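Student: I would like to learn how to read the features of a model like this one. Where do we begin?

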Amino acid sequence: MCGIVGYVGEQHPKEILINGLKKLEYRGYDSSGIALVGDKDIQIIKALGRIVNLEEKLEKSKVVDSHLGIAHTRWATHGGVTEANAHPHRVGKVTLVHNGILENAASLKEDLIKEGVKFNSDTDTEVGAALINKYYDGNPLYAIKKATSKLKGSYAFGVIFDGDPKLYAIRKDSPLIIGYGKDGNYIASDIAAIINYTKEYSLLDEGEIAVLDDEKIEVFSDGKMVTKKKITATITAEDADKCGYDHFMMKEIMEEPKVLANLFERYSDFDKLPDLSKYKEIHIVACGSAMYAGIVGASLIEEKCNIKCYVECASEYRYKKVIYDRKTLVILISQSGETADTIAAMRKAKDEGIETLAVVNVETSTIARECDNALFIGAGVEVAVATTKAYILQVAMLSMLVIRTVNDKKALKEAKKIPGLLNNILEHKDIFEGVGREIYKVRDAFFIGRGIDYAMCMEGSLKLKEISYIHSDAFQAGELKHGTISLIEKGVPVFAIITDENIKDKTESNVVEVKSRDASIYTITNDDTVPNHGFRYVVPKVSPYFQALLLVPVLQLIGYYTARYKGLDIDKPRNLAKSVTVE
Ligand code: G6P
């Protein structure tokens with residue numbers, strides 16, 4: 001989703017802001033823009049598509065002398081992908097960038113039009129700028145406070161006022177940090193954007209207004225100055241670098257053995273983990289791959305701990321009627337900890353007085369801070385839009401919770417071997433390059449499996465479709481006959497995942513059904529007695545706690561190589577955002 005970076009200080013902001021935008025590319029965007037405050041005027045340059053287009057435009061322009069600027073990557077929500085809709089937006093004396101959605105923008109806009117304001121874009125953001133401008137009478141703090149009190153929805157704003165050398169920031173339900181530099185100060189959607197310049201930052205809390213100049217940052221809450229806790233970033237500049245790999249996605253897949261070993265080590269003293277047996281019911285709520293990780297975990301929780309476990313996508317959960325048993329635990333899974341729907345689901349459970357537990361990567365995120373308890377997976381920075389190492393760690397974290405609950409000390413010994421087995425799979429990644437070469441021209445693909453294998457099918461299918469744009473679906477193998485089998489025709493790739501000993505023969509008989517309709521079968525199994533129908537990859541057999549983990553890189557690599565053969569922008573698939581901070 002949209003990314004924000006701003007700078008005020010001794011340097012010219014251009015390079016700092018462009019570098020920052022590049023580090024925010026992973027969030028997903030379709031246009032970008034920059035505003036540089038000059039001696040006489042504010043220079044605003046916008047471009048559609050990639051940031052290189054903005055850079056080219058900047059190179060061709062006579063850039064003003066400047067010490068203050070804001071920049072933005074836009075992921076279109078209100079209004080199409082046009083330069084007019086790209087940020088920064090300028091109304092009267094106010095120029096701003098915004099991440100979030102102003103839900104009452106339409107009605108506010110009507111009123112502002114009646115008052116004579118002219119709008120140049122279809123965005124909700126321009127309404128925010130117009131409203132701040134309306135209340136601006138030379139007092140920026142008053143204007144921001146008054147305007148935001150009228151806004152519904154979510155926002156992180158970076159704001160500049162004509163003739164004022166300071167940078168202002170405020171947020172609600174969208175992330176924004178303030179960074180303390182040596183020769184200036186920063187605002188950014190996350191620390192990765194400014195990590196090359198500073199590691200010292202603070203989280204801006206809801207409703208606080210930050211005022212930055214080249215020497216200091218002041219933060220006000222309800223008109224009073226507050227002291228912010230400084231955080232030192234643990235990420236390094238390397239985390240936000242491809243380190244020789246062609247894509248972040250491959251770099252991040254290759255990091256899986258290391259981060260998995262770290263997670264097992266971190267939680268080896270498993271008594272410190274929550275014991276799930278004290279709950280009567282568990283709800284796992286998340287979005288996208290995080291939800292699919294939840295489905296794998298739920299299968300283990302029910303199987304091993306005998307606790308009812310429901311998995312829901314957060315966008316449904318937040319609005320549906322949930323009948324809570326008092327002894328329910330709601331587990332929120334999120335890499336970013338900033339997914340708008342997951343945050344709303346967490347707040348719903350908390351409002352009901354239900355205990356919440358986060359399985360989260362970003363330790364400073366909203367979900368990490370607001371949940372009753374948080375388990376950090378320690379994936380480090382994940383840049384590729386399609387999650388890989390964070391997903392495997394989410395699954396592993398849930399496995400550890402199960403192991404702790406059933407108090408299976410033997411499993412901890414086995415855990416130590418898993419990263420090595422994963423490494424062996426990654427060493428033979430060419431095998432999956434071969435699969436990508438074979439299938440990259442197909443229109444449709446299917447994944448079939450039963451039980452926990454079906455949960456893995458969902459993630460495998462999502463990975464393939466989100467980065468290769470091949471239509472792909474996952475089906476419970478036994479359900480094929482009830483409709484989906486009519487889609488099977490000659491050459492359609494069907495990936496069958498067969499690792500559950502108890503139902504392997506059942507799934508295999510479904511494989512035979514699609515094979516007799518001339519589908520191309522790719523079997524991924526842990527059992528070398530399962531027939532090979534053309535392609536078969538056998539992962540090592542391990543206990544059910546860890547079996548899914550060994551399937552993860554296989555499925556991710558199939559998606560990766562297929563997209564690669566298609567020549568697609570693997571790290572930044574079209575229309576997708578890494579961190580979905582709006583509804
Ligand atoms: C987006 C990403 C997915 C991710 C999902 C949930 O759709 O592209 O990779 O699984 O959001 O994100 P979260 O940060 O909450 O795990």
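Tutor: Begin with a term: contact means heavy atoms within 4.5 Å. Keep in mind throughout that the model is predicted.

Student: Which residues does Phe376 contact, leaving aside its neighbours within four places in sequence?

Tutor: Phe376 is in contact with Arg266, Tyr267, Val360, Glu363 and Ala368, once neighbours within four places in sequence are left aside. The residue sits in strand E20, residues 373-376. Phe376 and Val360 are 16 residues apart in sequence, while their C-alpha atoms are 5.2 Å apart in space.

Student: Is Phe376 buried or exposed?

Tutor: The cut-off for buried is under 20% relative accessible area. Phe376 has a relative accessible area of 17%, so Phe376 is buried.

Student: What does Gln335 touch, not counting residues up to four places away in sequence?

Tutor: Gln335 touches Val360, Asn361, Val362, Glu382, Ala390, Gln394 and Lys578, with residues up to four places away not counted. Val360 is thus named here and also among the contacts of Phe376. Gln335 is in the loop between strand E18 (328-334) and helix H10 (340-351). A loop position does not settle the burial class, which has to be read from the accessible area; at 12% relative accessibility, Gln335 counts as buried.

Student: Where is Tyr279, and what is it in contact with beyond four places in sequence?

Tutor: Tyr279 is placed in the loop between H7 and strand E16 (281-286). Its contacts, leaving aside neighbours within four places, are Ile307, Lys327, Thr328, Leu329 and Glu355. For one of these, Thr328, the separation from Tyr279 is 49 residues in sequence and 5.6 Å in space, C-alpha to C-alpha. Tyr279 counts as buried, at 8% relative accessibility.

Student: How should I read a whole helix, such as H7?

Tutor: Take the buried residues, then ask what they pack against. In helix H7, residues 256-266, the buried residues are Glu256, Pro257, Val259, Leu260, Leu263 and Phe264. The buried residues of H7 pack against four helices: H6 (248-254), H12 (389-405), H13 (409-427) and H17 (544-565).

Student: What should I look for in the backbone angles?

Tutor: Most residues other than glycine have a negative phi, and most peptide bonds are trans. Here the peptide bond from His87 to Pro88 is cis, with omega near 0°. Pro88 is in the loop between strand E4 (68-74) and strand E5 (89-91).

Student: Which residues have a positive phi although they are not glycine?

Tutor: Among them are Asn306, with a phi of about 55°, and Asn575, with a phi of about 65°. Asn306 is in the loop between helix H8 (288-305) and strand E17 (308-313), and Asn575 lies in the segment after H17. For exposure, the cut-off is over 50% relative accessible area. Asn306 is exposed, with 68%, and Asn575 counts as exposed at 62%.

Student: How many disulfides are there?

Tutor: A disulfide needs a pair of cysteine sulfur atoms within 2.5 Å. By this rule the count comes to 0. Take Cys2: the closest cysteine sulfur is in Cys287, 17 Å away, which is too far for a bond. For Cys371 the closest cysteine sulfur is also in Cys287, at 13 Å, and this too is too far for a bond. Cys2 is buried, with a relative accessible area of 8%, and Cys371 counts as buried at 7%.

Student: Why does the radius of gyration of the chain agree with a compact globule?

Tutor: Compare the value expected from chain length with the value of the model. For 583 residues, a compact globule would have a radius of gyration near 25 Å, and the chain has 25 Å, so the two agree. The C-alpha atoms fill a box of roughly 75 × 50 × 45 Å along the principal axes.

Student: What else can be read for the whole chain?

Tutor: The secondary structure comes to 17 helices and 25 strands. Of the 583 residues, 60% count as buried. Among contacts between residues at least 6 apart in sequence, 71% join residues at least 24 apart. The chain exposes about 23,300 Å², of which carbon and sulfur atoms supply 47%. As for charge, the mean positions of the 76 positive and 83 negative charges are 1 Å apart.

Key: Residues numbered from 1 in each chain as written. Predicted model: local features only at pLDDT ≥ 70, side-chain atom pairs only at ≥ 80, totals over all residues. Heavy atoms only, no water. Helix = DSSP H or I, 4+ residues; strand = E, 2+ residues; numbered from the N terminus. Rg over C-alpha atoms; globule rule 2.2 N^0.38 Å. Buried < 20%, exposed > 50% of the residue type's maximum accessible area, 1.4 Å probe, protein only. Areas by Shrake-Rupley, 256 points an atom, 1.4 Å probe, with all protein chains shown as cover. Lys, Arg positive; Asp, Glu negative; His and termini not counted. Charge placed at Lys NZ, Arg CZ, Asp CG, Glu CD.
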